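Where does this chain enclose empty space, and which parts of it pack together? The report below takes these topics in turn.

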Amino acid sequence: MSNKLGKITVAGLGPGSPEMFLNPAINAISKADVVIGYKYYFQFIESFLKEGTECMDTGMRQEVQRAEIAFELAEQGKDVVVISSGDAGIYGMASLVFEMAEKTESKVELIVVPGISAFQAAAAKIGAPLSHDLVLLSLSDLLTSYALIEKRIKAAAMGDFVTAIYNPKSKKRYWQLYRLRELFLEEREGTTPVAIVRQVARAEEQITLTNLRDFDPEMVDMFSIVIIGNSQSYISGDRFITPRGYYSKEEQKGRPGPLIMQESFRTIAAELKGMDLPLETKWMMLHCIHTSADFELAKILKVQNNAAPKLNEYLQKGGVIITDVTMAQSGIRKKACERMGVEVKCYLHDPRTMELSEKMGITRTQAGIRLAVEEHPDALYVFGNAPTALMELTELMRNKNFQPAGIIAAPVGFVNVKESKHRVKSFTKLPAVIIEGRKGGSTLAATIVNAILSLEDAYDLKPGRDV
């Protein structure tokens with residue numbers, strides 16, 4: 001017997017098709033004295049074997065036996081190749097071979113030859129889902145306790161990682177994938193893209209694009225890879241895309257404000273996980289919480305009669321906005337109003353307002369609303385300060401039987417504040433946005449208007465061009 005030691009090469013075969021074998025793996029296999037692996041994979045390497053190469057196949061779950069045989073033959077001077085599907089270092093044989101060498105103090109030369117992993121091949125089939133930080137998870141609990149697996153699932157979901165799932169489901173292990181979906185829905189929107197790629201790079205290949213809400217674990221088996229997107233991922237046609245960030249940075253180049261606002265929106269959206277809201281309502285809520293850092297607004301901001309799109313349509317035609325105080329007026333985005341031809345008016349400092357206030361014994365904000373109704377009864381009325389002004393408008397609506405384009409009801413304070421907002425709700429056909437209770441303010445009122453003005457940007461959940 002030769003005293004010269006052989007070597008062990010652990011080679012990744014890729015996902016299955018010989019067309020996806022890398023040259024270093026082919027070279028190693030073509031020079032091997034012995035190839036050891038799961039018997040299913042030998043059909044893919046037959047054309048690369050030299051004459052006389054011995055193929056030693058084993059069944060599933062016999063990885064330790066394969067490694068032991070490899071060391072035994074390498075100690076005899078044989079050139080041994082241990083084959084794994086995908087990449088040998090990703091849920092493959094590489095770690096076992098190196099551990100065994102360390103524990104047995106073997107001097108056999110060890111080489112790892114990389115391969116294309118199944119998650120990479122699957123990603124290439126569907127576009128570019130892996131373009132940002134990602135996590136690989138195996139749901140197999142043969143070597144890892146489920147308690148630890150669930151801990152890792154939660155971390156991946158909370159960290160907003162693109163996540164590729166190996167060993168997602170088998171006949172005996174089926175409920176874990178349902179649990180994973182449940183955990184991800186606690187952290188991600190139901191619209192988050194999901195891809196199921198079955199038998200990738202093989203004749204039986206099947207691809208399904210869906211989302212977390214509609215994802216059916218019954219479509220998945222052990223031959224499937226599941227890829228879940230992050231909060232920025234989207235599906236366009238038959239393409240699954242996770243932006244790297246180039247476009248947003250280029251589009252906002254030199255404008256740090258919008259970039260900070262985008263990051264704020266992402267943070268808020270993560271906090272609002274699990275809330276089933278219309279997109280337009282979510283858009284207004286993101287703006288309001290970004291402005292105030294008050295997550296109670298998620299409970300007290302109420303929208304009636306599909307207000308946001310209706311009011312956006314009104315403003316797109318060059319409507320008029322009436323505010324109760326100048327502070328609300330000054331907070332409305334001027335560029336957006338200029339772009340749409342919107343006029344924003346506040347009658348508080350109109351000389352006629354002071355005259356009417358003194359003559360009728362009413363507040364200036366009430367007097368300003370009376371003048372506004374005479375000139376612009378069809379306007380969008382915005383209240384961020386004075387409940388008396390809001391009550392004045394509702395009284396005029398009842399007495400004169402007219403309805404404005406809509407109302408933003410966000411006066412703030414303690415006296416008659418709640419009552420003024422309850423009055424708005426009595427106009428059941430009126431488009432309105434109401435911040436219930438005592439909270440509100442001119443800044444929030446203007447913020448709601450800004451969200452309505454930029455509604456076309458809601459689909460990207462980005463702050464818009466007029467920031």
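What follows covers the cavity, two helices, the nonpolar cores and a few single residues.

**Cavity**

The model is predicted. A search of the whole structure finds one cavity of 30 Å³ or more. The space in the largest cavity is about 30 Å³. Its lining consists of I322, T323, D324, Y347, L348, T365, G368 and I369. Two elements give two or more residues to that lining: β15 (320-323) and α15 (364-375). The biggest contribution is that of α15, with three residues. Sorted by class, the lining holds four nonpolar, three polar and one charged residues.

**Helix α15**

The helix that gives the most to the cavity lining can be checked for length. α15 has 12 residues, so at 1.5 Å a residue it should span 16 Å. Its end C-alpha atoms lie 17 Å apart, which agrees. The buried residues of α15 are T365, Q366, A367, G368, I369, L371, A372 and V373. Among them, T365, G368 and I369 also line the largest cavity. The packing partners of the buried α15 residues are β15, α14 (351-360), β17 (380-383) and α16 (387-400). β15 therefore appears twice: it packs against the buried residues of α15, and it gives two or more residues to the cavity lining.

**Nonpolar cores**

The largest nonpolar core has 42 residues. Within this core, L315, I321, I408, I448, I452 and L453 touch the most other members. Elements that give two or more residues to the core are α8 (256-271), α9 (279-292), α10 (297-300), α11 (307-316), α13 (334-340), β17, β19 (432-435) and α18 (442-453). The largest share, eight residues, comes from α18.

What does I321 touch, leaving aside its neighbours within four places in sequence? I321 is in contact with L315, I332, V342, E343, V344, K345, L380, V382 and V449. One of these, L315, is itself listed with I321 as touching the most other members of the core.

Another core, of 27 residues, lies apart from the largest one. Its members include L371, A372, F383 and V424. L371 and A372 are also buried residues of α15.

**Helix α9**

α9 gives two or more residues to the largest core. How far should its 14 residues span at 1.5 Å a residue? The expected value is 20 Å, and the end C-alpha atoms are 20 Å apart, so the two agree. Of the 14 residues of α9, 10 are buried, so the helix is largely enclosed by the rest of the structure. The buried residues are E280, T281, K282, W283, M284, M285, L286, H287, C288 and I289. A293 follows α9 and has a positive phi, near 60 degrees.

**Positive phi in loops**

Most residues other than glycine have a negative phi. Two loop residues with positive values are set out here.

| Residue | Phi | Loop | Relative accessible area |
|---|---|---|---|
| D160 | about 60 degrees | between α5 (146-158) and β8 (162-166) | 28%, partly exposed |
| N401 | near 55 degrees | between α16 and β18 (406-409) | 70%, exposed |

Neither D160 nor N401 is a glycine. N401 counts as exposed because its relative accessible area, 70%, is over 50%. D160, at 28%, counts as partly exposed.

**Two buried residues**

Is T192 buried or exposed? T192 is buried, with a relative accessible area of 4%. T192 lies in the loop between α6 (175-187) and β9 (193-198). Leaving aside its neighbours within four places in sequence, T192 is in contact with T210, N211, L212, I228, G229 and N230. From T192 to A28 the C-alpha distance is 42 Å, and the two are 164 residues apart in sequence.

A164 sits in strand β8. At 1% relative accessibility, A164 counts as buried, since the limit for buried is under 20%. Which residues does A164 contact, leaving aside its neighbours within four places in sequence? The contacts of A164 are F119, V135, L136, L137, V226 and I227. A164 and N23 are 141 residues apart in sequence and 26 Å apart in space, C-alpha to C-alpha.

Terms used: Residues are numbered from 1 along each chain as its sequence is written. This is a predicted model: local features need pLDDT of at least 70, side-chain atom pairs count only at pLDDT 80 or more; totals for chains, interfaces and linings use all residues. Side-chain values use heavy atoms; hydrogens and water are left out. On a 1 Å grid over the protein atoms alone, a cavity is a set of points where a 1.4 Å probe fits but cannot get out, and a pocket is an open set with protein on both sides within 12 Å along at least five of seven lines; lining residues have an atom within 4 Å of a point. Grid points are joined across faces, edges and corners, and a volume is the space filled by probe spheres set on the points. Helices (H or I, at least four residues) and strands (E, at least two) are DSSP runs, numbered from the N terminus. Ala, Val, Leu, Ile, Met, Phe, Trp, Tyr, Cys and Pro count as nonpolar, Asp, Glu, Lys and Arg as charged, and the others, Gly among them, as polar. The expected span of a helix is 1.5 Å times one less than its number of residues. Buried means under 20% relative accessible area, exposed over 50%, partly exposed in between (1.4 Å probe, protein chains only). Contact means heavy atoms within 4.5 Å. A nonpolar core is a set of buried Ala, Val, Leu, Ile, Met, Phe, Trp, Tyr and Cys residues joined through side-chain atoms within 4.5 Å.
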